[in-house]
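Student: Could we go through some of the labels given to this structure and set each one against its rule?

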Amino acid sequence: VGAGSSMFDIDLYDGTGAALSRSNFSFSPEFLWFKQRSESSTSHALFDVLRGGDNRLQSNERNAEADVSSFGGGVTSFDDDGFTLGTWTSINADTENYVAWAWEAGGAPTTNNVAAAGQTPTTGSAKVDGSDMTTAQAGTIQITRLTANTQTGFSMITFENPSGNNSDTLGHALGKTPEMIWVKSRDTGGNTNPWQVYHKGIGNNKKLY
């Protein structure tokens with residue numbers, strides 16, 4: 001583990017091909033981004049506490065979310081001071097070298113939200129700075145799960161867009177305007193459902209794919 005902050009860190013490690021625990025973080029990582037360093041053809045792998053440690057997204061591909069549990073497992077636990085890996089070779093092959101970027105969010109939700117947009121989320125479904133969200137959801141879209149860290153301006157949200165209406169809005173619980181937004185469909189991929197990336201530097205009405 002590198003000499004990172006209390007909310008972000010970088011870990012360089014060697015795979016073992018067996019269950020592997022990485023520790024010595026000063027926080028519990030809730031968003032983990034992996035890349036194999038010794039094999040360029042292996043895709044990036046993204047996991048978080050909202051979707052679970054076996055559900056992988058690839059930042060360099062337009063694929064839908066994939067369950068890697070049948071390949072030995074991805075992140076088998078998000079620990080108080082690190083994480084534990086299964087034996088999936090994209091993140092833990094014997095003798096291969098890896099990097100993991102780790103972020104702290106606002107806590108790990110334990111259930112899905114069933115409250116409508118404009119209402120206070122179901123207890124346990126939305127975490128802000130380590131506690132349950134106790135205010136009404138902003139926006140017109142119902143969230144499924146949310147975790148937000150207002151100190152770092154970092155928020156993750158799962159949701160279903162009920163209408164696809166361009167006027168729909170989504171609450172992020174940060175209390176300030178995000179400067180960068182990444183969106184990815186989890187159940188569909190391909191050219192019609194790529195990553196969509198927005199940044200304040202390119203303007204509100206422009207996006208990158």
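Student: What makes Phe 159, Ile 181 and Val 183 a nonpolar patch on the surface?
Tutor: A patch takes residues with over 30% relative accessible area and no salt bridge (a side-chain nitrogen of Lys or Arg within 4 Å of a carboxyl oxygen of Asp or Glu), and nonpolar side chains (Val, Leu, Ile, Met, Phe, Trp, Tyr) are joined within 5 Å, like charges within 9 Å. Together Phe 159, Ile 181 and Val 183 have about 210 Å² of accessible area, by the Shrake-Rupley method with a 1.4 Å probe, where for residues only the protein chains shown count as cover. This is a predicted model, in which local features need pLDDT of at least 70 and side-chain atom pairs count only at pLDDT 80 or more, while totals for chains, interfaces and linings use all residues. Residues are numbered from 1 along each chain as its sequence is written, and side-chain values use heavy atoms, leaving out hydrogens and water.

Student: Why is Ile 181 called partly exposed?
Tutor: Its relative accessible area is 39%, and since buried means under 20%, exposed over 50% and partly exposed in between, Ile 181 is partly exposed.

Student: How do you know that the pair of Tyr 13 and Phe 83 is edge-to-face?
Tutor: Rings of Phe, Tyr and Trp (its six-membered ring) pair if their centres lie within 6.5 Å, with planes under 30 degrees apart counted as stacked, over 60 as edge-to-face and the rest as tilted. The centres of Tyr 13 and Phe 83 are 6.5 Å apart and their planes stand at 70°, so the pair is edge-to-face.

Student: Why does Tyr 13 count as buried?
Tutor: Tyr 13 has 3% relative accessibility, so it counts as buried.

Technical notes. Buried means under 20% relative accessible area, exposed over 50%, partly exposed in between (1.4 Å probe, protein chains only).
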